[in-house]
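Me: I would like to learn how to read a structure feature by feature. Could we go through one together?

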Amino acid sequence: MLNAETFDLVHNLACKINQCNDELFGGIQVITCGDFRQLPPVKGDYVFKSAILKKYMFNVIELTESLRPENIEFFNALNEIRIEKVSDKTVDLIMTRHYEVDHNINSNFMRLFFTNMEVDFYNLRQLMSITSDERWFHSKDVIKNSKVNPLFQIPISINIKIGAVVMLVKNINVEEGLCNGTIGVVSFIETDGVWVNVKGRDFKIENVREDILDCTHSIIASRIGLHLQLAFSLTVHKAQGCTLNKTVSNFNSKIFIISLPYVALSRVKELNDLYIIRNIKNELRKILKNITSDKDVDFFYKNLDEKNFVTC
């Protein structure tokens, strides 16, 4: 999801730090990983369009062993969707997980939507269904330069109840598994923080400070608040890279990117852990059958230098 502009910027900064302009990242060894057949950068060009990457990319290794799907039939179906060569057999298999409505599916299963608006609406509805008392936590901002509009990871405010599903939006303690994207359930609320149960362990989440720096490393804006967001549901973008126990993917959205179906469908290990919502069955079949490829991605993979391309 890294775009070409950001890649070049990091390269140029690393060259300045190491005072070396003749090597990639100024001689710092870097391993990059990702799948261009999943979600594209939110803004900008694919990183493989970077002139810097083209100049220095010597070794490319393709990883072919999947550690997520445990069912070979499901794995093969997902791979067909990934490379946009979907057979009738794959369509028939995925269609076995079609549901017209979401009403009777376990509310504890993670919902995946394609837009932030859909996620916000579902999260609010689920929070309102919890009968325990609510508590608002509001962040505090200090903006030193009124001309900037900083984008913080910490939300401006969050309404929380005991039993609410939440997700960390910043790394806190990676060794303990408390990192950006970690999901847990609120178990207790105090005046100065929230206790969150993550995989059977309770952790207290307190206010932290997030700083925004300028190019001289001076702080231009700060926010102090809880680094949590509601997570009864997630966008497909946010779920990329996650392995989830059960997912309910809502395919009714009008906002559609050709790589979204693969990412949405491949978050689980087993086909039976997948639930797909589309109010008209034939429309879902048509979506699956007509998945097309990104021409730039196709060109990149077809033109990789074979002598520097290793499969393992």
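Me: What percentage of the 312 residues in the protein chain is made up of buried residues?

Reply: Keep in mind that this is a predicted model. Buried residues account for 42% of the 312 residues in the protein chain.

Me: How many helices and strands does the protein chain have?

Reply: The protein chain has nine helices and 17 strands. Its radius of gyration is 22 Å, close to the 20 Å from the globule rule for 312 residues, so the chain is as compact as a globular protein of that length. Along the principal axes, the C-alpha atoms fill a box of roughly 60 × 55 × 35 Å.

Me: What share of the contacts with a separation of 6 or more comes from residues 24 or more positions apart?

Reply: That share is 67% in the protein chain.

Me: Next, the interior. Which residues have the most contacts inside the largest nonpolar core?

Reply: They are Ile-94, Ile-160, Val-194, Leu-228, Phe-232, Leu-265 and Leu-288, in a core of 57 residues. Helix α7 (residues 260-265) gives the most to this core, with five residues. A second, separate core has 11 residues, including Ala-14, Val-47, Phe-48 and Leu-304.

Me: Which residues does Leu-265 touch, not counting residues up to four places away in sequence?

Reply: Leu-265 touches Phe-74, Leu-78, Ile-81, Ile-94, Phe-251, Leu-274, Ile-276 and Leu-288. Two of these partners, Ile-94 and Leu-288, are also listed with Leu-265 among the residues that have the most contacts inside the core.

Me: Now the charged side chains. How many salt bridges does the structure hold?

Reply: The general idea is that side chains of opposite charge can pair when their charged atoms come close. This structure holds 15 salt bridges. One of them joins Asp-92 and Arg-285, with N to O at 3.0 Å. That pair links distant parts of the chain, since Asp-92 is in helix α4 and Arg-285 in helix α8 (residues 281-289), 193 residues apart.

Me: Are Asp-92 and Arg-285 buried or partly exposed?

Reply: Asp-92 is partly exposed at 40% relative accessibility, and Arg-285 is partly exposed at 33%. For a buried pair, look at Arg-111 and Asp-102, whose closest N and O atoms are 2.6 Å apart in a salt bridge. Arg-111 has a relative accessibility of 2% and counts as buried; Asp-102 counts as buried at 17%.

Me: Which residue forms a salt bridge with Glu-283?

Reply: Arg-278 does, with the closest N and O atoms 2.7 Å apart. Glu-283 is partly exposed, with a relative accessible area of 30%, whereas Arg-278 is buried at 14%. Elsewhere, salt bridges that share partners join Glu-190, Asp-192, Lys-204 and Glu-206 into one network.

Me: What is the count of disulfides?

Reply: The count is zero. Cys-15 is in no disulfide, and the nearest cysteine sulfur, that of Cys-20, is 6.3 Å away.

Me: Why is the sulfur of Cys-20 in no bond with that of Cys-15?

Reply: A disulfide needs the two sulfur atoms within 2.5 Å. The sulfur of Cys-20 lies 6.3 Å from that of Cys-15, so the two are too far apart for a bond. Cys-15 is buried at 3% relative accessibility, and Cys-20 is buried at 17%.

Me: On to the backbone. Which phi value does Glu-84 have, positive or negative?

Reply: Most residues other than glycine have a negative phi. Phi of Glu-84 is positive, near 60°. Glu-84 sits in the loop between α3 (72-82) and α4 (88-95), and counts as buried at 15% relative accessibility. Phi of Lys-199 is also a positive value, near 55°. Lys-199 is in the loop between β9 (193-198) and β10 (201-206), and is exposed, with a relative accessible area of 84%.

Me: Last case: which backbone oxygen does the side chain of Thr-182 reach?

Reply: The side chain of Thr-182 reaches the backbone oxygen of Gly-177, at 2.7 Å. Thr-182 lies in the loop between β7 (165-168) and β8 (183-190) and is buried at 11% relative accessibility. Leaving aside neighbours within four places in sequence, Thr-182 is in contact with Val-166, Met-167, Leu-168, Gly-177 and Val-198.

Notes. Residues numbered from 1 in each chain as written. Predicted model: local features only at pLDDT ≥ 70, side-chain atom pairs only at ≥ 80, totals over all residues. Heavy atoms only, no water. Helix = DSSP H or I, 4+ residues; strand = E, 2+ residues; numbered from the N terminus. Buried < 20%, exposed > 50% of the residue type's maximum accessible area, 1.4 Å probe, protein only. Core = buried A, V, L, I, M, F, W, Y, C linked by side-chain atoms within 4.5 Å. Contact = heavy atoms within 4.5 Å. Polar contact = N/O pair within 3.5 Å; in protein donor to acceptor, adjacent residues only side chain to side chain. Salt bridge = Lys/Arg side-chain N within 4 Å of Asp/Glu carboxyl O. Rg over C-alpha atoms; globule rule 2.2 N^0.38 Å.
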